[in-house]
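Colleague: Before we discuss any details, could you put the sequence and the structure up side by side? I would then like to go through them with you step by step.

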Amino acid sequence: MINAFGRRMKNMLTIMLAIIMIPICQHASADGKKVAESPAVTLLESSKDMKGIKDMKLEGFMLKMAKGAMKKSPVVAISDNLERMYIFAIEDASEMDERHFRADAEKVLAGYTKVAEVVEDHATTILYINGQVGGTFNEMIMYITRPGTSMMIFQGDFTTDLLVKMNEISERQRKERKTTKR
């Protein structure tokens, strides 16, 4: 459904991982409110102490700064409705730890609705949303299993119309890339 979406999300993940290197950004929160954790967030929280993990929670001011990087990706479609974002990447974990995380992720993600899967030479990206109520949902998860394992969780008030808009942006960008390559 969302073919070029996977490539753009991988590029966005790379940008977001660069932000992780700024130590003061780690777990930045504008208001310090405790948010009810979803099963996916609980998975990330329980795995963040694993060796070789990079993780970040963006909200408030830090999320506003990150939204600038989203302007060139399909995620721009949801950026106005985005309240919180989690980024999790396995960089230097042991193979066994990564397999364990993937097994746990598959169990957790089975409780979500899979809306897209993009398998490309350089990446496999799967997009999930939590249960829809009247065409709305409040959590979207991008799970990348190749070349490494990473997950991005977007929380806010989203609609299926925004997913369609993301797909349209993705398709347009894919066509532009094809035209540029010629």
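Colleague: Does M142 count as buried or exposed?

Modeller: This is a predicted model in which local features need pLDDT of at least 70 and side-chain atom pairs count only at pLDDT 80 or more, whereas totals for chains, interfaces and linings use all residues. Residues are numbered from 1 along each chain as its sequence is written, and side-chain values use heavy atoms, with hydrogens and water left out. M142 is found in strand β5, where strands (E, at least two residues) and helices (H or I, at least four) are DSSP runs numbered from the N terminus. Because its relative accessibility is 0%, and buried means under 20% relative accessible area, exposed over 50% and partly exposed in between (1.4 Å probe, protein chains only), M142 counts as buried.

Colleague: How far apart in space are M142 and M152?

Modeller: β5 and β6 form a hairpin with 3 residues between them, and they pair in the antiparallel sense over 8 bridges, pairing being assigned if DSSP finds at least two bridges between two strands. M142 and M152 are 10 residues apart in sequence, and their C-alpha to C-alpha distance in space is 5.1 Å.

Colleague: In what order do the strands of the open sheet stand?

Modeller: The secondary structure comes to 5 helices and 6 strands, and from the N terminus on the elements run α-α-β-α-β-α-β-β-β-β-α. The open sheet has 6 strands with antiparallel pairing, in the order β1-β2-β6-β5-β4-β3.

Colleague: Which strands stand at the edges of this sheet?

Modeller: Within the sheet, 7 bridges join β1 to β2, and 7 bridges join β2 to β6. An edge strand has a single partner strand, so one side of it is left without a neighbour in the sheet, and this holds for β1 and β3 (113–119).

Colleague: Which residue in β6 is the bridge partner of L82?

Modeller: β2 and β6 run antiparallel, and β6 is mostly covered, with 8 of its 10 residues buried. On the pairing with β5, E139 stands opposite Q155 in β6. For L82, the bridge partner in β6 is G156.

Colleague: Which residues of the largest nonpolar core touch the most other members?

Modeller: A nonpolar core is a set of buried Ala, Val, Leu, Ile, Met, Phe, Trp, Tyr and Cys residues joined through side-chain atoms within 4.5 Å. The largest has 26 residues, and among the elements that each supply at least two of them are β1 (53–59), α3 (60–70) and α5 (160–181). Apart from it lies another core, of 20 residues, among them F101, I126, Y143 and I153. In the largest core, the residues that touch the most other members are L58, I78, M85, M140 and F154.

Colleague: Which residue in β2 stands opposite L58?

Modeller: β1 and β2 run antiparallel. L58 and its opposite residue both belong to those of the largest core that touch the most other members. That opposite residue in β2 is M85.

Colleague: Within what arc do the buried residues of α2 fall, seen down its axis?

Modeller: The buried residues of α2 (residues 39–47) are A40, V41, L43, L44 and S47. They line one face of the helix, because the arc, taken over the directions from the helix axis to the C-beta atoms, is limited; on the other side, P39 and S46 are exposed. The buried residues pack against β1, β2, α4 (95–109), β5 and β6. Their arc is 155°.

Technical notes
Contact means heavy atoms within 4.5 Å.
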